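Biologist: Can you walk me through this chain? Keep it simple, please.
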Amino acid sequence: MATARSCSRPHRLVGYFEEEAVLSYTLYLAEIDAGRTPNPPAPAIAMRYWRLADDATLADMVRAVRDDEAQHRDLNHGLASALAGPAHPGARPG
Ligand SMILES: [Fe+2]
């Protein structure tokens with residue numbers, strides 16, 4: 001049980017990093033949406049990787065990246081919770 005809990009901690013830490021990434025991309029989008037940051041066409045490599053529309057912009061690309069980071073966040077927190085086992089009152093996050 002102690003080993004499973006210690007294995008959960010790296011996933012929990014990465015989950016927190018991914019949360020920060022989602023927040024950072026959200027703030028970046030707010031800057032683009034407010035017109036304080038240019039919103040040029042998305043780079044071709046990004047359009048291929050995220051299968052963006054032909055008229056995709058930087059904002060569309062940032063949304064796709066943020067969606068990926070949100071999936072990473074959920075995956076890592078889910079793994080951390082599964083490895084930590086059932087919660088009990090007063091338990092610290094695994
Ligand atoms: Fe990530």
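**A walk along the chain**

Modeller: Buried residues make up 12% of the 94 residues in the chain. Keep in mind that this is a predicted model.

Biologist: How many helices and strands does the chain have?

Modeller: Three helices and zero strands. Starting at the N terminus, the order is α-α-α.

Biologist: What share of the contacts with a separation of 6 or more joins residues 24 or more positions apart?

Modeller: That share is 63%.

Biologist: Let's pick a residue. Where is histidine 11?

Modeller: Histidine 11 sits in helix α1, which covers residues 2–33.

Biologist: Is histidine 11 buried or exposed, and why?

Modeller: Histidine 11 is buried because it has 20 C-beta neighbours inside 10 Å. The cut-off for buried is 20 or more.

Biologist: What does histidine 11 touch, leaving aside neighbours within four places in sequence?

Modeller: Histidine 11 is in contact with Asn76, Leu79, Ala80 and Leu83. Two of those names, Asn76 and Ala80, also appear among the buried residues of α3.

Biologist: And how far is histidine 11 from arginine 73?

Modeller: Their C-alpha atoms are 9.1 Å apart in space. In sequence, histidine 11 and arginine 73 are 62 residues apart.

Biologist: Now α3. What is its reach from first C-alpha to last?

Modeller: Helix α3 spans 39 Å, close to the 39 Å expected at 1.5 Å a residue. The helix runs over residues 58–84 and has 27 residues.

Biologist: Which residues of α3 are buried?

Modeller: Met61, Val62, Glu69, Asn76, Ala80 and Ala84.

Biologist: Is there a general rule about which residues of an α-helix point the same way?

Modeller: Yes. An α-helix has 3.6 residues a turn, so residues three or four places apart point the same way.

Biologist: Back to α3. Is glutamine 71 buried or exposed?

Modeller: Glutamine 71 is exposed, because 12 other C-beta atoms lie within 10 Å. The cut-off for exposed is 12 or fewer. Glutamine 71 belongs to helix α3.

Biologist: How far is glutamine 71 from glutamate 18?

Modeller: Their C-alpha atoms are separated by 8.8 Å. Along the chain, the two are 53 residues apart.

Biologist: What about glutamate 19? Which helix is it in?

Modeller: Glutamate 19 is in α1. It is partly exposed, because it has 17 other C-beta atoms within 10 Å. The C-alpha atoms of glutamate 19 and glutamate 69 are 7.6 Å apart, with their positions 50 residues apart along the chain. Glutamate 69 is one of the buried residues of α3.

Biologist: Aspartate 60 next. What does aspartate 60 contact, leaving aside neighbours within four places in sequence?

Modeller: Ala42 and Leu52. Aspartate 60 is in helix α3. With 18 other C-beta atoms within 10 Å, aspartate 60 is partly exposed. Its C-alpha is 9.0 Å from that of proline 41, 19 residues away along the chain.

Biologist: Change of topic: backbone angles. What sign of phi do most residues other than glycine have?

Modeller: Most residues other than glycine have a negative phi. Arginine 51 has a positive phi of about 50 degrees, although it is not a glycine.

Biologist: Where is arginine 51 found?

Modeller: In the loop between α2 (44–49) and α3. Arginine 51 is exposed, because it has 9 other C-beta atoms within 10 Å.

Biologist: What is the phi of glycine 85?

Modeller: About 85 degrees, so to speak on the positive side. Glycine 85 comes just after α3.

Key. Residues numbered from 1 in each chain as written. Predicted model: local features only at pLDDT ≥ 70, side-chain atom pairs only at ≥ 80, totals over all residues. Helix = DSSP H or I, 4+ residues; strand = E, 2+ residues; numbered from the N terminus. Contact = placed C-beta atoms within 7 Å. Expected span 1.5 Å × (residues − 1).
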